[in-house]
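Welcome to this guided tour. Open your viewer, get comfortable with rotating and selecting, and follow the stops below in order.

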Amino acid sequence: MKQTETWGIVVRKTHRLATNTTVTGADLKNETLLLPKRGIVRNELKTWLKALPTSTNILGTSNLLGNVTTLARQSGVCLICVKGAFEMFDTSELVFILFALLRHSKHILAWRKNIELSLAAQEFIEFVKNNKL
């Protein structure tokens with residue numbers, strides 16, 4: 001698929017990093033982070049951020065940004081996420097900051113072969129193929 005997502009952090013507008021245009025792994029020293037749940041993404045983040053400083057506190061993981069934006073609003077937690085997910089929610093009290101080394105991830109659409117799919121799933125796959133999404 002052609003779509004890409006840009007990675008960064010979400011913090012409340014009063015956070016010390018909120019005025020930064022970008023962040024690095026060093027900027028996250030002594031910060032409390034909430035990471036994406038997907039292991040493959042967490043491994044990539046460690047590479048991107050050049051192994052987070054040992055003084056960085058990993059609070060946990062989340063797979064639904066909407067469930068944890070309140071945590072960012074009410075605390076100093078930094079949420080690591082893609083910009084597109086951030087833009088889906090009320091951002092009036094939050095800010096998205098890009099990683100200094102611009103990072104993107106791509107999407108794929110996968111399905112199991114030799115498995116009977118519902119008509120809706122078949123038509124969706126054909127739509128994606130025909131429109132070169």
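A disulfide is a pair of cysteine sulfur atoms within 2.5 Å. By that rule, a search of the whole structure turns up zero disulfides. Keep in mind as you look around that this is a predicted model.

**Stop 1: the whole chain**

Start with a cartoon view of the protein chain. You should be able to find four helices and seven strands. Trace the chain from its beginning and the elements come in the order β-β-β-α-β-α-β-α-β-β-α.

Now switch on the surface. The accessible surface of the protein chain is about 8,600 Å², and carbon and sulfur atoms account for 53% of it. Of the 133 residues in the chain, 34% are buried. How much of the contact between residues with a separation of 6 or more comes from residues 24 or more positions apart? The share is 74% of those contacts in the protein chain.

**Stop 2: two cysteines**

Select Cys 78 and Cys 81. Cys 78 has a relative accessibility of 0% and counts as buried. Cys 81 is buried too, at 6%. Both residues fall in strand E5, which spans 78-82.

**Stop 3: the nonpolar core**

In soluble globular proteins, nonpolar side chains tend to be buried together. To see an example here, select Ile 9, Leu 79 and Ile 80. Within the largest nonpolar core, which has 28 residues, these three touch the most other members. Next, colour the elements that each give two or more residues to this core: strands E1, E3, E5 (78-82) and E6 (94-99), along with helices H1 (39-48), H2 (65-74) and H3 (83-86). Which element supplies the largest share of the core? That is E5, with five residues.

Stay with Ile 9 and show its neighbours. Leaving aside residues up to four places away in sequence, Ile 9 touches ten you can pick out by name: Leu 17, Val 23, Leu 28, Cys 78, Leu 79, Ile 80, Val 95, Phe 96, Ile 97 and Phe 99. Notice that Cys 78 from the previous stop is among them.

**Stop 4: two salt bridges**

The whole structure holds two salt bridges. For one of them, select Arg 16 and Glu 31, whose side chains meet at 2.7 Å, N to O. This pair links distant parts of the chain, 15 residues apart. Arg 16 sits in the loop between strand E1 (4-12) and strand E2 (22-23), while Glu 31 is in the loop between E2 and strand E3 (32-36). Is each partner buried or exposed? Arg 16 is exposed, with a relative accessible area of 53%, whereas Glu 31 is buried at 7%.

Then move to Glu 126 and Lys 129. In this salt bridge the closest N and O atoms are 3.9 Å apart. Both residues lie in helix H4 (residues 119-130), three residues apart, which is about one turn of the helix. Glu 126 is partly exposed, with a relative accessible area of 38%, and Lys 129 is partly exposed at 48%.

**Stop 5: a nonpolar patch outside**

For the last stop, select Leu 109, Trp 111, Phe 124 and Phe 127. Together they form a nonpolar patch on the surface, with about 390 Å² of accessible area. Zoom in on Phe 127, which is found in helix H4. Its relative accessible area is 45%, so Phe 127 counts as partly exposed.

Methods: Residues are numbered from 1 along each chain as its sequence is written. This is a predicted model: local features need pLDDT of at least 70, side-chain atom pairs count only at pLDDT 80 or more; totals for chains, interfaces and linings use all residues. Side-chain values use heavy atoms; hydrogens and water are left out. Buried means under 20% relative accessible area, exposed over 50%, partly exposed in between (1.4 Å probe, protein chains only). Contact means heavy atoms within 4.5 Å. Accessible areas come from the Shrake-Rupley method with a 1.4 Å probe; for residues, only the protein chains shown count as cover. A salt bridge is a side-chain nitrogen of Lys or Arg within 4 Å of a carboxyl oxygen of Asp or Glu. A nonpolar core is a set of buried Ala, Val, Leu, Ile, Met, Phe, Trp, Tyr and Cys residues joined through side-chain atoms within 4.5 Å. Patches are made of residues with over 30% relative accessible area and no salt bridge: like charges are joined within 9 Å, nonpolar side chains (Val, Leu, Ile, Met, Phe, Trp, Tyr) within 5 Å.
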